[in-house]
Amino acid sequence: MSFAALGLSEEIVRAVTERGYTEPTPIQAQAIPVVLSGRDLLAGAQTGTGKTAGFTLPILQRLSTTAKPASSKAPVRALILAPTRELAAQIEESVREYGKYLKLHSMMMFGGVNINPQIQKLRGRVDILVATPGRLLDHVQQKTVDLSHVEILVLDEADRMLDMGFIRDIKKILALLPKQRQNLLFSATFPDEIKLLADGMLTKPAMVEVARQGSTAELITQRVYPVDRERKRELLAHLIKEHNWHQVLVFTRTKHGANRLAEQLGKDGIPALAIHGNKSQGARTRALAEFKSGELQVLVATDIAARGIDIIELPHVVNYELPNVPEDYVHRIGRTGRAGSEGEASSLVCVDERKLLNDIERLTKLEIQVVQVPGFEPDPRIKAEPILNGQNRGGQNRGGGQRARNPAPARPGNHPRGGTGGKPAGGQGAGRSVAPPKGSGGGKPALSPPREGRKAPGGNTAIPALHRFGGRGR
Ligand code: AMP
């Protein structure tokens, strides 16, 4: 299957080829013909599947073939809504890159930056607008954007938008659009709210769903490194130096934790910056650019800030702290092993996080390989402490030694296993059509089974799960 065979024009195929794509991913192979046909689309696909090109390519094609008279001013014809500024920026970058041989104009729009340059830009020609909902509504209020000619609407990462409280904004925006239009809704999961939104918004949609690309997911090597909460930073610095890791994306639970960790790594001689919602847009853009170019060795991010970071061949993702929600683990590690490149996802896990690890393994139906780095064996006398309000207690070097305040020992419990013999959930990523999104979340990710008996880099031997956390205290 080639991009040309999907009905894409020579200009688009050329741009895509130059980007290095040789064939469409499953979501692209399914979504592109549907979008080209003008039908509404409901797509179950998460980041890492190639979904962005799945909607941007056919949109570019449709708009370029139904050309409007050349003019320096033209109304917005395609509106793409995304939950975060980073994602909006990435999408618009894709639009520009894939559309570089076409005469279409795009613009991104998000909050947190001066509105005036956006107003200025809207006075010119904008065929494709990529926006976050809040800032778009600011423009609507100021009457600086005209949405009355929108022909195609995309809601990308709709579930995230709902999580972030954008449902009212989305409804307001929908009410401003022409009734006659094509709608595309992309979401990784389908909770009831999304189904309701889809029901109200889509007309006889085609439905496609893909699991994470099997070939991609299988390329992610996942490891758990048991360590005491107070020694996480030390272990992270050790791993980075020992294995000479570059382009390491590290996740913390809190903004404060991200800042502190970046600072501390800097003191360890490892160039690191934090990226999160409290940083100015300029600082975030600069950090991302340096990270992408390889200048910056480590980027520390919170889950929300990391949405939309799209770096081809990101080799290392580290969970400095496990996320409270197991689905976020899947999102996080989806940042590596993308589109055919190999990746490693490493989790530094302290005694407080056992339950979180159990939840992740239950969701992914995997038993993640455990690697004990010699010299970092957890002290069995340290008891689990509760993780309060998402506040990071693990590994932030709170000082004051290893006091166990309000100790709440983790229940040893059974280690839940999905019983699939370590097979990835959700198939091998071949796209497949699905029934309407009733019931449970579509797009269950397929993750790689642990590579048994494999030696970790640097010679740390993987040890069986029975000996997790030094084989003690379970
Ligand atoms: P997305 O799911 O849209 O965030 O894309 C995931 C990654 O796959 C991005 O780094 C894209 O640049 C890359 N990608 C998208 N389509 C293809 C393709 N057909 N072949 C190879 N890589 C692709």
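**Figure 1. Packing of helix α13 in the predicted model.** The buried residues of α13 pack against one helix, α4 (85–98), and against the strands β9 (248–251), β10 (272–275) and β11 (298–301). These buried residues are Gln281, Arg284, Ala287, Leu288 and Phe291. They line one face of the helix, because their directions fall within an arc of 130° when α13 is seen down its axis. An α-helix has 3.6 residues a turn, so residues three or four places apart point the same way.

**Figure 2. Extent, outer face and C-terminal end of helix α13.** Helix α13 covers residues 281–293, 13 residues in total. From the first C-alpha to the last, α13 reaches 18 Å, close to the 18 Å expected at 1.5 Å a residue. Arg286 and Ser293 are exposed and lie on the face turned away from the buried side of α13. Just after the helix, Gly294 adopts a positive phi of about 95°.

**Figure 3. Strand β6 and the covering of its two faces.** Strand β6 comprises residues 182–187, and six of its six residues are buried. One side of β6 carries Gln182, Leu184 and Phe186, and the other carries Asn183, Leu185 and Ser187. Both faces are covered.

**Figure 4. Pairing of β6 with strands β1 and β5.** Strand β1 (residues 41–44) runs parallel to β6 and is joined to it by four bridges. Within this pairing, Gly44 stands opposite Ser187 of β6. Strand β5 (residues 152–155) also pairs with β6 in the parallel sense, over four bridges. Here the bridge partner of Leu153 is Asn183 in β6.

**Figure 5. The largest nonpolar core and the surroundings of Ile59.** The largest nonpolar core contains 40 residues, and those with the most contacts inside it are Leu41, Leu57, Ile59 and Leu184. Helix α3 (residues 51–65) contributes the largest share of this core, six residues. Leaving aside residues up to four places away in sequence, Ile59 touches Val35, Ala78, Ile128, Ile152, Val154 and Leu184. Leu184, one of these contacts of Ile59, is among the buried residues of β6.

**Figure 6. A separate nonpolar core.** Apart from the largest core lies another, of 33 residues. Its members include Met107, Met109, Leu177 and Ile194.

Note on methods: Residues are numbered from 1 along each chain as its sequence is written. This is a predicted model: local features need pLDDT of at least 70, side-chain atom pairs count only at pLDDT 80 or more; totals for chains, interfaces and linings use all residues. Side-chain values use heavy atoms; hydrogens and water are left out. Helices (H or I, at least four residues) and strands (E, at least two) are DSSP runs, numbered from the N terminus. The expected span of a helix is 1.5 Å times one less than its number of residues. Buried means under 20% relative accessible area, exposed over 50%, partly exposed in between (1.4 Å probe, protein chains only). The arc is that of the directions from the helix axis to the C-beta atoms. Contact means heavy atoms within 4.5 Å. Two strands pair if DSSP finds at least two bridges between them. A nonpolar core is a set of buried Ala, Val, Leu, Ile, Met, Phe, Trp, Tyr and Cys residues joined through side-chain atoms within 4.5 Å.
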